[in-house]
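Shall we look at a model together and ask how its labels are earned? Take a moment with the picture, and then follow the questions below.

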Amino acid sequence: MTAVPHAYVEDLHRHVGQVVTVKGWLYNKRSSGKLHFLQLRDGTGVVQCVCFKGNFGEELFKQLDTLPQESALTITGSVKAEPRAPGGHEIDAQTAAIVSVAQADYPITPKEHGTGFLMEHRHLWLRSRKQHAILRIRARVQKAIRDFFDDRGFICMDAPIFTPSACEGTTTLFPVEYFDETAFLTQSGQLYAEANAMAFGKTYCFGPTFRAEKSKTRRHLTEFWMVEPEVAYLELDGLLELIEQFLSYVVQCVVKDRRAELVVLERDVAKLEKIVPPFPRLSYSDAVDLLKGAGHAFEWGGDFGAPDETLISEKFDKPVLVHRYPAAVKAFYMKRDPQDPRVALCVDCLAPEGYGEIIGGSQRADDLAFLEEQIAHHKLPMEAFKWYLDLRRYGSVPHSGFGLGLERTTAWICGTHHVRECIAFPRMLEKITP
RNA sequence: UCCCUGGUAGCUCAAUGGUAGAGCACCCGGCUGUUAACCGGGUUGUUGUAGGUUCGAGCCCUACCCGGGGAGCCA
């Protein structure tokens with residue numbers, strides 16, 4: 001007797017007519033007396049296995065009838081094309097082996113639950129269809145990000161997680177004990193990325209980022225993933241082009257390779273297919289006029305609030321690049337516009353449909369004296385930036401970079417309401433378990 | 001930190017100040033093509049906590065605890 005091959009559900013189309021074993025967990029079941037329909041989940045998909053009583057012993061058939069949700073089992077049978085089944089295939093089961101019987105009180109039933117309850121059971125919620133689709137898309141976004149930069153000669157150089165002080169000073173940091181001193185979890189790898197760019201030309205870092213802000217909204221996590229490319233000799237116009245090429249590439253990878261998941265999420269794929277260059281570009285001043293025209297009370301000089309960003313992004317069906325904000329509302333390391341010193345050579349990318357800022361970037365200040373003045377003006381400890389200023393002492397060049405939030409981007413692509421579903425185990429204000 | 005909103009069965013939610021309920025889950029039985037299967041029967045409660053008002057409080061009042069959403073800030 002030859003061994004029956006193990007097949008993953010996503011590969012069943014290659015095994016039509018063959019006998020295979022699928023290995024997984026019981027997702028749901030329906031029963032008609034002498035016939036069971038077992039929905040088996042194996043991590044790559046869900047397949048319906050049809051079990052006729054005649055093919056099974058009395059005892060096993062009875063056992064399958066009472067098997068609780070999420071019990072682990074393997075099922076052996078022949079693969080049939082079945083157009084009505086999700087995934088297009090079903091298994092005509094010949095035999096089954098129960099690997100472990102789950103407790104009968106699996107908390108996540110096929111009925112509706114609130115997100116608070118589901119988040120408390122996040123470790124189990126991950127098994128559900130929509131969460132599965134979201135996290136598969138996240139993984140594809142992550143790969144697309146790496147591919148985009150790797151294919152263009154960027155060197156991946158990850159920045160440290162432990163940092164000695166604030167990069168920007170304004171945001172709250174998580175302190176951690178670091179032997180005899182206090183260190184902080186990174187809130188941005190950018191300053192290190194600048195050093196890397198001066199060494200390697202085109203670089204990026206991609207890792208977790210920590211913000212101790214007491215933000216409690218559907219756009220915020222205290223721990224999120226950010227990719228931060230940094231390029232020597234790149235100026236603002238080039239940065240805008242890089243952003244639109246990059247973001248289009250990422251979105252189109254998902255459209256191409258994760259269409260089934262987008263359908264599960266009931267995402268309007270047509271909206272994503274439109275995400276190709278060029279993106280609309282709007283100066284801050286134009287954006288202010290747009291807000292005023294729409295009846296928002298807004299004065300030149302302030303930063304946009306979330307409702308302002310939503311209004312701006314809703315005017316377009318692509319991500320919009322808003323550039324040249326007032327320097328006063330932006331970080332100290334941004335270069336001023338020689339044409340108008342009131343504004344910085346920076347850009348925010350606002351995702352469509354009200355998903356908010358997914359990218360923030362700028363051309364960096366490359367003049368030593370200007371940076372020293374800015375650090376003093378922002379009351380930042382000059383000593384902590386000594387190494388950073390060395391980058392301007394030894395061969396300073398124009399350079400630019402940006403940061404993109406992985407979970408916000410994933411949330412926009414998936415059309416999920418909240419970023420917390422776009423990471424396996426979200427860390428939020430006063431939420432650290434599971 | 002501030003504003004809004006909520007807390008009733010394992011889950012999702014009902015319940016004019018007057019006997020605490022339904023659907024699902026779970027248990028028992030039925031059904032050879034089910035699609036959140038269906039049909040019949042059954043189990044399930046310190047109504048977030050502590051006080052107060054009242055003949056009587058899930059409901060009204062006060063404080064606190066916890067959740068959700070938003071503002072500021074940011075990706």
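**How the labels are earned**

In this predicted model, 52% of the atoms of RNA strand B within 4 Å of the protein belong to sugar or phosphate, and the rest belong to bases.

Q: Which residues come nearest to RNA strand B?
A: They are Arg-30, Ser-31, Arg-211, Arg-218 and Glu-357, out of 47 residues around the strand.

Q: What makes the pair formed by Arg-219 and RNA strand B a polar contact?
A: An N or O atom in the side chain of Arg-219 is 3.0 Å from a phosphate oxygen of RNA strand B. The cut-off for such a pair of N or O atoms is 3.5 Å, so this pair counts as a polar contact.

Q: How do you know that Arg-408 and Arg-420 make polar contacts with RNA strand B too?
A: For Arg-408, a polar side-chain atom lies 2.6 Å from a base oxygen of the RNA. For Arg-420, a polar side-chain atom lies 3.0 Å from a phosphate oxygen. Both pairs are within 3.5 Å, so both count.

Q: Which strand gives the most to the surface near RNA strand B?
A: Strand 17 does, with four residues. Among the other elements that supply at least two residues each are strand 1 (19-31), strand 11 (223-232) and helix 10 (306-313).

Q: How many residues of each class does that surface have?
A: Near RNA strand B there are 13 nonpolar, 15 polar and 19 charged residues.

Q: Why are helix 11 and helix 12 called roughly antiparallel?
A: The axes of helix 11 (residues 368-377) and helix 12 (residues 386-393) cross at roughly 155 degrees and come within 9 Å. Angles over 145 degrees count as roughly antiparallel, so the name fits this pair.

Q: What makes the contact between these two helices?
A: Helix 11 brings Leu-368, Leu-371, Glu-372 and Ile-375, while helix 12 brings Tyr-388, Leu-389, Arg-392 and Arg-393. By class, the contact has five nonpolar, no polar and three charged residues.

Q: Why are strand 7 and strand 8 called edge strands?
A: The open sheet has three strands in the order 7-9-8, with antiparallel pairing. Strand 7 (162-163) and strand 8 (175-178) each pair on one side only, and that is what earns them the name.

Q: How do you know that strand 7 and strand 9 pair?
A: Pairing needs at least two bridges, and these strands have two, so they qualify. In one example, Thr-163 has Phe-184 of strand 9 as its bridge partner.

Definitions and conventions:
Residues numbered from 1 in each chain as written. Chains lettered and ligands numbered in written order. Predicted model: local features only at pLDDT ≥ 70, side-chain atom pairs only at ≥ 80, totals over all residues. Heavy atoms only, no water. Near = heavy atom within 4 Å. Polar contact = N/O pair within 3.5 Å; in protein donor to acceptor, adjacent residues only side chain to side chain. Nonpolar A, V, L, I, M, F, W, Y, C, P; charged D, E, K, R; others polar. Axes fitted to C-alpha atoms, helices over the stretch in contact; angles between N-to-C directions. Parallel < 35°, antiparallel > 145°, perpendicular 65-115°, else oblique. Contact = heavy atoms within 4.5 Å.
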